[in-house]
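Okay, thanks for making time for this one. I'll put the structure up and then walk you through what caught my eye.

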Amino acid sequence: MKPIRSHSFLGRIYRIRFHHRIPPDALGMCEHPSSKNKTIHIRPNLDVKQLVETVVDESLHACFWSLDNEEVDEAATDIVRLLFRMFDIKPKDDLTGRTES
């Protein structure tokens, strides 16, 4: 996986950070679009399916902040399922660049 430090969503630049300092029940978190240093937080060491779903989910929040969280979760899951089918990605595939010992 290529390290990305920031990304623009609908003209708003968000920092991208991988760390554990997010609520324990969350895999990721997107800060409000009006925040000064808008950041998308992602828990590190997720499996490939969790990672892709979390990135898509938080990206959708960055784009469409006012949408209900359940709608975003469902849309992210559906988008990831399509991408995994379209590119024949298996959940066991490792897209992170990590190697198993």
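**Salt bridges, core and surface**

Let's start with Lys49, which counts as partly exposed because its relative accessibility is 30%. Quick caveat before I go on: this is a predicted model.

So what does Lys49 pair with? Its side chain meets that of Glu53 in a salt bridge, 2.5 Å from N to O. Both sit in helix 1, and because they are four residues apart there, about one helical turn separates them.

How many salt bridges does a search of the whole structure find? Three. Another one joins the side chains of Asp78 and Arg81, at 2.9 Å, N to O. This pair belongs to helix 2, with the two residues three apart, so again we're talking about one turn of the helix. Asp78 is partly exposed, at a relative accessible area of 37%, and Arg81 is partly exposed too, at 49%.

Then there's Lys90 with Asp88, whose side chains meet in a salt bridge at 2.5 Å, N to O. Lys90 has a relative accessible area of 37%, which makes it partly exposed. Asp88 comes out at 52%, and the cut-off for exposed is over 50%, so Asp88 goes down as exposed.

Okay, on to the inside. Which residues make up the largest nonpolar core? There are 10 of them: Phe9, Tyr14, Ile16, Cys30, Ile40, Ile42, Leu46, Leu51, Ala62 and Cys63. The elements giving two or more residues to this core are strand 2, residues 12-18, strand 4, residues 39-42, and helix 1, residues 48-63. Helix 1 hands over the largest share, three residues.

Let me pick Phe9 out of that list. You'll find Phe9 in strand 1, which runs over residues 6-9. Is Phe9 buried or exposed? Its relative accessibility is 10%, so Phe9 counts as buried. If you like contacts that are remote in sequence, have a look at Phe9 and Ser59: 50 residues apart along the sequence, yet 7.5 Å apart in space, C-alpha to C-alpha.

Here's another pair of that kind. His32 is in the loop between strand 3, residues 28-30, and strand 4. At 35% relative accessibility, His32 counts as partly exposed. Its C-alpha is 8.7 Å from the C-alpha of His61, with their positions 29 residues apart along the chain.

Now the surface, where I've got two patches to show you. Where does negative charge gather? Asp68, Glu70, Glu71, Asp73 and Glu74 form a patch of it on the surface. Take Glu70 from that group: Glu70 lies in helix 2, residues 69-86, and counts as exposed because its relative accessibility is 64%.

The other patch is nonpolar. Ile79, Leu82, Leu83, Met86 and Phe87 make it, and it covers about 470 Å² of surface. Ile79 is one of the helix 2 residues, and with 34% relative accessibility Ile79 counts as partly exposed.

So if you want to keep one element in your head, I'd go with helix 2. Glu70 from the negative patch is in there, Ile79 from the nonpolar patch is in there, and so are Asp78 and Arg81. And for the inside, remember helix 1 and its three core residues.

That's what I had; happy to spin the model around if anyone wants another look.

Notes: Residues numbered from 1 in each chain as written. Predicted model: local features only at pLDDT ≥ 70, side-chain atom pairs only at ≥ 80, totals over all residues. Heavy atoms only, no water. Patch = residues over 30% accessible without salt bridge, like charges linked within 9 Å, V, L, I, M, F, W, Y side chains within 5 Å. Areas by Shrake-Rupley, 256 points an atom, 1.4 Å probe, with all protein chains shown as cover. Salt bridge = Lys/Arg side-chain N within 4 Å of Asp/Glu carboxyl O. Lys, Arg positive; Asp, Glu negative; His and termini not counted. Charge placed at Lys NZ, Arg CZ, Asp CG, Glu CD. Buried < 20%, exposed > 50% of the residue type's maximum accessible area, 1.4 Å probe, protein only. Core = buried A, V, L, I, M, F, W, Y, C linked by side-chain atoms within 4.5 Å.
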